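Biologist: I'd love a close look at the packing inside this protein. Please start with how helices lie against one another, and then go on to the empty space.

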Amino acid sequence: MTTTAATNNNNSNRNNNNHSSSSNLSSSSTTPVQFSDTQPANEEQFREVLSLMRDYNISYESVLDDLESRQILRDFMKFNRNEESLLFLEHVSEYFRKRSLNNKWNALLEIERVFFNGNSIHELNLPQKVRELFSHSFESLCERYELNGNDFSEKMESTRASTSTNPPPLSFESLLSQCEDALKKAESYVMVNLKEHVFPRFLESKMFVSFLSKRDKSFLNKIGNVKNLTHSCFVESLMDMKKCEISVDQVRMIKKHVFDPQRWQLYFEDKNCQVYFSSSRYTLGAEKDESGGISFSKSECIFPYSAQQVMSIMCNKQVRLQSDKNLDSVTQLAYRTKFEVTNQATTTKIMKESSSSGTITENSLGEQANHNPANADQDDLRSSCSNEDDEDSLSTSTESGVLSSSLPENVPSPQPNSPQLVQKQPRHERQPSSAHRRHTSGKTKLACTITHEVYKLIWPIKSRYYFLCQSMMHDLTDNMYIVCKKSCEPSSCKDLKIPNLEQFNNNDHIKAANVGCWIFQPIQTHDGKEHCRYIQFIGTDLKGSMPRWIIEKIIKGRAKNFYYDMMKILEKNEATLGMGERPKDSSGFFETLDENGSVIL
């Protein structure tokens with residue numbers, strides 16, 4: 001019997017033999033979502049979803065794995081009259097889940113009829129070689145099936161086998177395997193074409209955006225991953241308020257958030273100052289905020305003093321205590337050098353890897369204990385240097401003798417085994433060479449100071465206290481000094497040995513959370529004088545049961561009067577400003593600046 005005859009003979013059986021297979025595939029799919037049902041509630045929500053999508057790398061495979069999103073993709077392709085590719089992938093996936101030869105044969109007949117037959121409305125548009133490879137293997141399989149008498153057994157006439165001079169024909173299983181290989185090649189081509197051409201248009205379609213507008217953010221996390229340094233990545237970083245460390249990427253995200261005009265709405269403005277509040281609300285910490293989150297505030301002023309002068313006042317502990325009517329106390333608990341932060345992270349990683357493998361060897365811990373800081377994260381440290389003769393300082397972080405004099409007696413000073421700092425001009429004051437003006441690794445851990453701050457509020461509201469991790473650096477990109485702040489949990493940091501830490505957890509006060517920064521940028525006026533552009537970003541959650549409107553009233557009141565209060569402080573301390581000296585006690589801010597140096601953000 002010829003190949004054409006074999007194929008035609010089987011055409012009459014395909015509808016009958018495979019009707020149940022086709023029904024199972026359609027019944028397993030979800031109910032089609034009508035396009036009218038996926039329209040966003042309003043334009044504002046639509047724009048919000050679009051903005052959120054830009055922060056994610058949405059996975060093609062995850063969209064296919066999810067029943068709802070796959071159905072929307074099918075509706076989109078049907079709307080554009082090219083749904084055969086997705087249908088083919090579903091049929092092929094169903095085929096390879098089958099085990100019996102009979103079920104495989106029936107499914108294969110259905111695939112050939114629907115996607116390779118020239119008369120089918122779902123015929124695939126495949127390269128000629130891919131189509132011919134499947135057609136040839138399928139025809140050979142049909143011939144073998146007819147030769148076996150429409151059976152899958154390998155019964156052959158003994159006389160034919162003995163008298164034939166030709167080699168015996170391949171078994172049904174061998175021919176089926178060849179057909180499956182051809183099917184996989186067609187599947188691979190369709191998969192790549194769908195991923196590279198159809199899927200990008202689907203992500204930008206109104207149908208998909210409208211679909212997402214009806215889901216919460218957890219669904220986006222299910223089908224995609226947050227892009228690094230995006231706003232969504234910044235929002236996720238706010239969930240971690242325990243680590244006593246600050247990385248370069250965290251500073252980059254805070255800076256990006258501060259200067260993104262889409263994130264702020266103008267609240268107050270005069271000739272000297274602008275006050276903004278965030279257009280969205282945020283949650284600090286892992287606890288679920290039933291109130292819907294907090295609003296951030298941003299104040300931006302121009303002071304008629306140099307950046308160094310404003311920094312020396314703003315970072316002066318005594319001036320802060322005298323001028324801020326709410327600030328009751330500031331205590332520096334610890335100072336962490338770059339080496340200590342990086343060393344702790346490396347030790348934690350070694351412990352996790354060793355525990356996962358079930359073995360913690362003395363060599364692994366010994367190597368860590370005797371590790372030469374000159375080689376530890378040398379690339380990260382070198383990338384943050386701003387002078388080509390900083391090579392000596394690559395093996396250094398700080399000198400305990402220098403910093404101990406500026407720390408309170410109960411503050412742990414840098415450990416003796418910490419690398420020694422060569423006494424040179426501070427990094428941020430030197431001119432960077434082209435060899436060192438390179439992008440700093442975002443994973444680089446910065447030197448930081450750990451403080452405890454208490455703020456008294458009006459009666460009968462309880463006082464609030466914060467454990468803050470703070471770090472200062474010079475940004476080479478925009479020539480500005482940045483003090484980055486975030487809440488932390490010193491008790492969760494195993495390498496921090498803070499005496500009597502329990503006394504700072506006052507039961508009469510409520511522990512609050514904070515994220516923010518101070519930015520000092522030198523600017524030149526038209527007459528050549530240096531002024532300071534100052535930006536204060538505050539994101540504070542006072543916790544407790546205080547009504548949200550009271551919190552916002554307090555924050556707005558402080559922000560609105562900020563410029564005039566600061567000018568009074570600067571004018572009051574003009575004698576100190578004229579001397580141009582750093583404060584004796586900056587709670588560790590300037591020490592971190594000297595160690596972190598200049599960084600390209």
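Modeller: Happy to! Helix pairs count as roughly parallel under 35 degrees, roughly antiparallel over 145, roughly perpendicular from 65 to 115, and oblique otherwise. The angles run from 0 to 180 degrees between N-to-C directions, with axes fitted to C-alpha atoms over the stretch in contact. This is a predicted model, with pLDDT of at least 70 needed for local features and 80 or more for side-chain atom pairs, while totals for chains, interfaces and linings use all residues. Numbering runs from 1 along each chain as its sequence is written, and side-chain values use heavy atoms, without hydrogens or water.

Let's begin with helix H6 (residues 101–116) and helix H7 (residues 128–147), helices being DSSP runs (H or I, at least four residues; strands are E, at least two). Their axes come within 12 Å and cross at roughly 140 degrees, so H6 and H7 are oblique to each other. On the H6 side, the contact (heavy atoms within 4.5 Å) uses Trp105, Leu108, Leu109, Glu112 and Phe116. Facing them from H7 are Arg131, Phe134, Phe138, Leu141, Cys142 and Tyr145. By class, this contact has nine nonpolar, no polar and two charged residues (nonpolar: Ala, Val, Leu, Ile, Met, Phe, Trp, Tyr, Cys, Pro; charged: Asp, Glu, Lys, Arg; polar: the others, Gly among them).

Next comes helix H9 (residues 172–203), which meets helix H4 (residues 67–79) with axes that come within 11 Å and cross at roughly 95 degrees. That crossing makes H4 roughly perpendicular to H9. From H4, Ser69, Ile72, Leu73, Phe76 and Met77 meet Leu194, Val198, Arg201 and Phe202 of H9. Seven nonpolar residues, one polar and one charged make up this contact.

H9 also packs against helix H5 (residues 84–95); here the axes come within 10 Å and cross at roughly 145 degrees. H5 brings Ser85, Leu86, Phe88, Leu89, Val92 and Tyr95. H9 answers with Leu176, Glu180, Leu183, Ala186, Glu187, Val190, Met191 and Leu194. The H5 contact with H9 counts 11 nonpolar residues, one polar and two charged. Leu194 of H9 thus turns up twice, meeting H4 and H5.

Now for the empty space. On a 1 Å grid over the protein atoms alone, a cavity is where a 1.4 Å probe fits but cannot get out; a pocket is open, with protein on both sides within 12 Å along at least five of seven lines, and lining residues have an atom within 4 Å of a point. The largest pocket holds about 1200 Å³, as filled by probe spheres on points joined across faces, edges and corners. Its lining has 41 residues, and closest to the centre are Asp324, Asn326, Tyr455, Ile538 and Arg558. Helix H20 (residues 548–560) supplies the largest share of that lining, eight residues. The pocket lining splits into 21 nonpolar, 10 polar and 10 charged residues.

Five cavities of 30 Å³ or more turn up across the whole structure, and the largest has a volume of about 90 Å³. Residues lining this largest cavity include Phe234, Met241, Met253, Cys484, Lys486 and Val515. Helix H12 (231–237), helix H13 (248–258) and strand S9 (480–487) each give two or more residues to its lining. H13 gives the most, with three. The cavity lining has eight nonpolar, two polar and two charged residues.
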